[in-house]
Amino acid sequence: MLVAPRPYSPNCPMPQPLPRRSNQLAVATSNYVRTAAIGLILVGFIIGLLLTYEYARLAATGYKITRVKQEIAALQSANEKLQLEIAKLKSLERIEIIATTKLGMEKPRDKVQLVFINELEPAVRMAHYHSEAEENMVGQKENHPFLAALVRLFSDWALGAKAVEASQR
């Protein structure tokens, strides 16, 4: 629907034009926009620098990883060579050749004699002696308690050392 324009009447005030903005407000707004734009550009530049730094650091770390992997491969190769050399030096044929040629040893003849030594035997004898000495001392007054304690300490030490040796074998 269309509305007809009103006729001008002197009682009705004329519409006033809107007041113009002052030049200072326009300049202030212009400065604000310019400062904001420069700030955004600086922030973008700094973010770009940080990203570049991170990618450069990432590339350097990748090069280090590659170098370490190559070093590991070289060390593993050297380790394998050393393991082969150890196996070759431990071979029974080589030991036999060195024993017969350089050390003057001879292969055993027809008769071979094996001698087994029981290493716990002295310890067992010491324990038996210690228990007999304690049985004999029951009821007797100890004349030298320090000497008896010293003998007991030594025999316990000797028994302990032999028991540890036996358990390790």
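Here are some questions and answers about this predicted model.

User: Let's start with the overall fold. How many helices does the chain have, and how many strands?

Analyst: Happy to walk through it. Reading from the N terminus, the elements run α-α-α-α. That matches the count for the chain, which is zero strands and four helices.

User: How much of the chain is made up of buried residues?

Analyst: A residue counts as buried when its relative accessible area is under 20%. The chain has 169 residues. Of these, the buried share is 4%.

User: What part of the exposed area do carbon and sulfur atoms supply?

Analyst: The chain exposes about 16,600 Å². Carbon and sulfur atoms supply a share of that area equal to 65%.

User: Now for the salt bridges. Which residue forms a salt bridge with Arg57?

Analyst: The structure holds two salt bridges, and Arg57 takes part in one of them. Its partner sits in helix α1 as well, three residues apart from Arg57, or about one turn of the helix. The closest N and O atoms of the pair are 2.9 Å apart, inside the 4 Å cut-off. The partner is Glu54.

User: Are Arg57 and Glu54 buried, partly exposed or exposed?

Analyst: The class between buried and exposed runs from 20% to 50% relative accessible area. Arg57 has 45%, and Glu54 has 37%. Both values fall in that range, so Arg57 and Glu54 are each partly exposed.

User: How far apart in sequence are the parts tied together by Glu96 and Lys107?

Analyst: The side chains of Glu96 and Lys107 meet in a salt bridge, with 2.8 Å from N to O. Glu96 lies in helix α2 (residues 92-101), while Lys107 lies in the loop between α2 and α3, so the pair ties together parts whose separation in sequence is 11 residues.

User: Which of these two, Glu96 or Lys107, is exposed?

Analyst: To count as exposed, a residue needs over 50% relative accessible area. Glu96 has 37%, so Glu96 is partly exposed. The relative accessible area of the other residue is 55%, so the exposed one is Lys107.

User: What is the accessible area of the nonpolar patch that includes Leu51?

Analyst: Leu51 lies in helix α1 and is partly exposed, at 48% relative accessible area. That value is over the 30% a patch residue needs. On the surface, Leu51 forms a nonpolar patch with Val43, Ile47, Tyr55 and Leu58. Together, these five residues have an accessible area of about 530 Å².

Key:
Residues are numbered from 1 along each chain as its sequence is written. This is a predicted model: local features need pLDDT of at least 70, side-chain atom pairs count only at pLDDT 80 or more; totals for chains, interfaces and linings use all residues. Side-chain values use heavy atoms; hydrogens and water are left out. Helices (H or I, at least four residues) and strands (E, at least two) are DSSP runs, numbered from the N terminus. Buried means under 20% relative accessible area, exposed over 50%, partly exposed in between (1.4 Å probe, protein chains only). Patches are made of residues with over 30% relative accessible area and no salt bridge: like charges are joined within 9 Å, nonpolar side chains (Val, Leu, Ile, Met, Phe, Trp, Tyr) within 5 Å. Accessible areas come from the Shrake-Rupley method with a 1.4 Å probe; for residues, only the protein chains shown count as cover.
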